[in-house]
Amino acid sequence: MMSILKNRSADTILASRLRLCRSYFSRLLGLMGTPRLDPDEACWIIPCNSVHTLGMKYPLDLYFLDKKNQVVAILENMKPNRFSPVFWKAHSVVEFSGGISRSCKIGDQLAAEEDP
């Protein structure tokens, strides 16, 4: 069953295809070596409070979330082969292909939901 990523605060869908990375190996790899995500795709890494883009071929937009899945930080267009700062309040991060405008801001509540 595929999940979607919803911004509950704005009542919008941020990604109609959501990849959840919860195991050590899937969190370690994340999107490394993958082709650029489509605009409607995202990867949610849980737990995570910083990321790297080593081995990436495209920039990422990053939304860091606390344990209540509220956005606490946003990094846009993080280039390949970089390290993000550590966001101590963050518990997870949602990764998107960089450079696409989204209806999401700090304080918004996000949720993964099963696609009906």
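So, aromatic pairs: this structure holds two of them. Keep in mind that we're looking at a predicted model.

Let's take Tyr 63 and Phe 96. Their rings sit edge-to-face, 5.4 Å centre to centre, with 85 degrees between the planes. What I like here is that the pair links distant parts of the chain. Tyr 63 belongs to strand 4, which covers residues 60-65, and Phe 96 belongs to strand 6, so to speak 33 residues along. Are these two buried or exposed? Tyr 63 has 2% relative accessibility, so it counts as buried. Phe 96 is buried too, with a relative accessible area of 0%.

Now the other pair, Phe 64 with Phe 87. This one is tilted: 4.5 Å centre to centre and 40 degrees between the planes. Again, distant parts of the chain are linked, with the two positions 23 residues apart. Phe 64 is in strand 4, while Phe 87 lies in the loop between strand 5 (71-78) and strand 6. At 0% relative accessibility, Phe 64 is buried as well.

Okay, over to Ser 92. You'll find Ser 92 in strand 6, residues 92-97. Its relative accessible area is just 1%, and because anything under 20% counts as buried, Ser 92 does too. Which side chain does the side chain of Ser 92 make a polar contact with? That would be Trp 44, at 2.9 Å.

And here's where things tie back together. Setting aside neighbours within four places in sequence, Ser 92 is in contact with several residues, among them Tyr 63 and Phe 64 from our two pairs. Also on that list are Ile 45, Ile 46, Cys 48, Leu 65 and Asn 69, along with Trp 44.

Notes:
Residues are numbered from 1 along each chain as its sequence is written. This is a predicted model: local features need pLDDT of at least 70, side-chain atom pairs count only at pLDDT 80 or more; totals for chains, interfaces and linings use all residues. Side-chain values use heavy atoms; hydrogens and water are left out. Helices (H or I, at least four residues) and strands (E, at least two) are DSSP runs, numbered from the N terminus. Buried means under 20% relative accessible area, exposed over 50%, partly exposed in between (1.4 Å probe, protein chains only). A polar contact is a pair of N or O atoms within 3.5 Å; within protein, one must be able to donate a hydrogen and the other to accept it, and residues adjacent in sequence count only if both atoms are side-chain atoms. Contact means heavy atoms within 4.5 Å. Rings of Phe, Tyr and Trp (its six-membered ring) pair if their centres lie within 6.5 Å; planes under 30 degrees apart count as stacked, over 60 as edge-to-face and the rest as tilted.
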